[in-house]
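Biologist: I should like to learn how individual features of a structural model are read. Please take me through them in turn.

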Amino acid sequence: MSSMPGGRARTTDEDLELTPDPSLPPTAVDEAVREAEESTWTPAKIAIWAAIALVGGVAWFMLAIIRGETVNAIWFVFASVCTYLIGYRFYSKVIERYITRPNDRRATPAEYKADGKDYVRTDRNVLFGHHFAAIAGAGPLVGPVIAAQMGYLPGTIWIIIGVVLAGAVQDYLVLFFSMRRGGRSLGQMAREELGVIGGTAALIATLLIMVIIVAILALVVVNALGESPWGVFSVGMTIPIALFMGVYLRFIRPGKVLEVSLIGFVLLMAAIIGGGLVADTEWGAAFFHLDKVTIAWGLIFYGFIAAILPVWLLLAPRDYLSTFMKIGVIVMLALAIIVVRPEITVPAFSEFASRENGPVFPGALFPFLFVTIACGALSGFHALISSGTTPKLIEKERQTRLIGYGGMLMESFVAIMALVAAISIDRGLYFAMNSPAALTGGTVETAATWVNSLGLAGVNLTPDLLSQTAANVGEESIVSRTGGAPTLAVGLAHIMQQFIGGTAMMAFWYHFAIMFEALFILTAVDAGTRVARFMLQDSIGNFVPKFKEHSWRPGAWLCTAVMVCAWGAVLLMGVTDPLGGINTLFPLFGIANQLLAAIALSVCLAIAARRASFKYLWIVALPLAFAAVVTITASFQKIFSPVPAVGYFANNAAFSKALADGKTEFGTAKTVAAMEAVVRNTMIQGWLSVIFVVLSIIVIITALIATSKAFRHERAGVAHKDHEDPAVPSRGYAPAGFIPTAAERELMAEWNKLPAELRLEKPAHH
Amino acid sequence: MNTILEGFRGFARYLGGVMGADAYQKYLEHHAASGHQAPPMTEREFWRDRTDRQDTNPQGRCC
């Protein structure tokens, strides 16, 4: 194995091609200086890291070992932040040193492809916020809430440890490898690295996964808005507000993005307050009181129209609004949790942690907890973002660690805060809100009786608490409001009213939370439909070339309609599901998302192997193996489990048999039509699971073949073919992290002394 | 007072950067630096071009 080149060897190869401009200062901190800086441990540095480790250790001890009556929410903040800091400082540097090996002497696509539009060098701090806003949405706000069924500890451990060892690793690697390829998409990289079979399987899997993800996000919105006149009014108002903003930006004051976002924000607040007033009137309550099926149909029509309307009219302005809200909400939530510091009474492990018949989602802790929390710990969807816009904006290669790895840590922190908000409410209330109506019976009395019959420690739910909470948040009922969003909204209202406004403000905070979750989801639905439409057009275009013309209206409309029908069908299936919808479909969402992560990590594995980093390949192999084991086990259980609550086909068989026996009601299905619906739904869900898992296994196997081929080539001394863009010397400098080091500051000062005309980039292609 | 104002301005600039409000400015800088002969797009044209290009080149938003 002596022929195996060490980490540094390749960098020297690159350096031969990268002749720097002698008239410019160095474009990277000298390797030896940086090494020395990193490996010198001053007493102050040691003290800081010892303190971080100590605080983190104490926090974990409080969460995991101490079994008091309550635990304070502040320990969640300390445990997560300290672990993130340690993961970022130590683990991500290992990845940087042995896998990615960034070279600041090399120009990034934003430099060598600069066009002032798509490829623009962007300040690292700004890009961090931009990337974070693109990856974080409703996902990290929903999954942890649903997973709280198992108690707080399993979810907390998975979110924090999972992000450090898996989620952030995936985001960082995809971002880096895509950047080295001029910002190529995950699909293109899969095709190049895994060949036609692996690439095609990855493409089909991605398309299907997007359909499922959009459908289930839409289901979350429908569940939050069903029978809620206030919610329907205020979320509905986002459409005219966005249209107004679009017209304003196009015709009245182009480019005034911040200004229009502020106007939009004020209008949004007015819509929330107005929603309360409208819902109080008789006509308002009657007109905006819509059942879930109507809302689902409304969302489907909306989805189609939004996806064919020009971007400037609806999507772009709502995206501004959503980004604006995202940053505001997260800062607000973090502040509120730190100021209020709620006491948590939920046990570390609940009664359902060791069972597989939980009412919120069925299945055992392993593997289902790990698929229920996808976003926030490991989210495959991020690979599509990390290989899209962000790599085209990076200024220097070393910044990918901050943006890719650090950005995902931020999302994980959002997930932790969502978890804290959800578990700060009464546990009885949690189960009454998150269990399907088929179990709770839908009224406050039946729900209270049912929750109390579960025999949960310390739970004694009164019908009064349910109706009082509903009245406080301005809803008719909060029983069986599944999907996570309403629970988070109640939790957030509960925390925020202690911070600002008291009980009188609870209804506002509740609908504020529903509003921003709906906003994030509608943006994801729009953008997801559009991206899926283009993927479908390109795929059909391989057979019917006309479809590749994206401006060809009939093709665009047809493909949009196909995609909307696909997710619309899954959405309607969820809304009308006699078994509850969220509890049957949410595992599919998580499995789909994690399978995408497995696909992305497979591609990263093959690329890392091509770059001859065999000794440290475990860094990629570890999260890949975990994601593969979790999702394949979960899929197999969904397909083969004999327990009807877990296995789709087992449930299908049970209901088919009941129908054949001439029964007119079975389990939670009270009519023959409902029973037939279950038979149909479980069959579709079962086959979707089969398709997902087969496609993913194909991708993983092709990645393993590519990896072993790279290994054999290495041993035989054959040169690796890589698909990176050729190295171009950089002509600029910027530091890597938030806070520049001493050496970085020195170099920045040198660059600042340079005359302005020399400092600007000179793109090669003009 | 001035520091507070400065801090607020800095935050607004950052937020604007995150949301892409400074895109036209950056385009102008690029245009000037790369020595194009043709005059740059006006602000109105630039923003139209930007959103219209998104029509055929959609960007995903995450869950």
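Biologist: Is Trp158(A) buried or exposed?

Modeller: Some conventions come before the answer: this is a predicted model, in which local features need pLDDT of at least 70, side-chain atom pairs count only at pLDDT 80 or more, and totals for chains, interfaces and linings use all residues. Residues are numbered from 1 along each chain as its sequence is written, chains are lettered from A and ligands numbered from 1 in the order in which they are written, and side-chain values use heavy atoms, without hydrogens and water. Buried means under 20% relative accessible area, exposed over 50%, and partly exposed in between (1.4 Å probe, protein chains only). Trp158(A), at 6% relative accessibility, is therefore buried.

Biologist: Which residue forms an aromatic pair with Trp158(A)?

Modeller: Rings of Phe, Tyr and Trp (its six-membered ring) pair if their centres lie within 6.5 Å; planes under 30 degrees apart are stacked, over 60 edge-to-face, and the rest tilted. Over all chains, 36 aromatic pairs are found. In one of them, Trp158(A) meets Phe370(A) edge-to-face, at 5.1 Å centre to centre and 75° between the planes. Trp158(A) belongs to helix α8 (residues 152–180) of chain A and Phe370(A) to helix α15 (residues 365–372) of chain A, so the pair ties together parts 212 residues apart in sequence. Helices (H or I, at least four residues) and strands (E, at least two) are DSSP runs, numbered from the N terminus. Phe370(A) is likewise counted as buried, at 14% relative accessibility. Elsewhere, ring pairs join Phe508(A), Trp509(A), Phe512(A), Phe516(A) and Phe520(A) into a cluster.

Biologist: Which ring does the charged end of Lys45(A) sit over?

Modeller: A charge sits over a ring if NZ of Lys or CZ of Arg is within 6 Å of the ring centre and within 35 degrees of the ring normal. For Lys45(A) the ring is that of Trp41(A), with the charged end 5.0 Å from its centre. Arg401(A) lies over the face of Tyr88(A), 4.4 Å from the ring centre.

Biologist: How is the packing of two helices described?

Modeller: One gives the angle between the axes and the distance between them. Axes are lines fitted to C-alpha atoms, for helices over the stretch in contact, and angles run from 0 to 180 degrees between N-to-C directions. Helix α6 (residues 124–135) and helix α17 (residues 400–423), both of chain A, have axes that come within 9 Å and cross at roughly 50°. That makes α6(A) oblique to α17(A), since angles under 35 degrees count as roughly parallel, over 145 as roughly antiparallel, 65 to 115 as roughly perpendicular and the rest as oblique. Residues of α6(A) including Phe128(A) and Phe132(A) meet a set in α17(A) that includes Gly406(A) and Gly407(A), where contact means heavy atoms within 4.5 Å.

Biologist: What is noteworthy about the backbone?

Modeller: Most residues other than glycine have a negative phi, and most peptide bonds are trans. The bond from Phe366(A) to Pro367(A) is cis, with omega near 5°, and Pro367(A) is in helix α15 of chain A. Arg101(A) has a positive phi, near 45°, and lies in the loop between α4 (74–100) and α5 (109–112) of chain A. Arg101(A) is buried, with a relative accessible area of 9%. Ser480(A) also has a positive phi, near 55°, and is buried at 10%.
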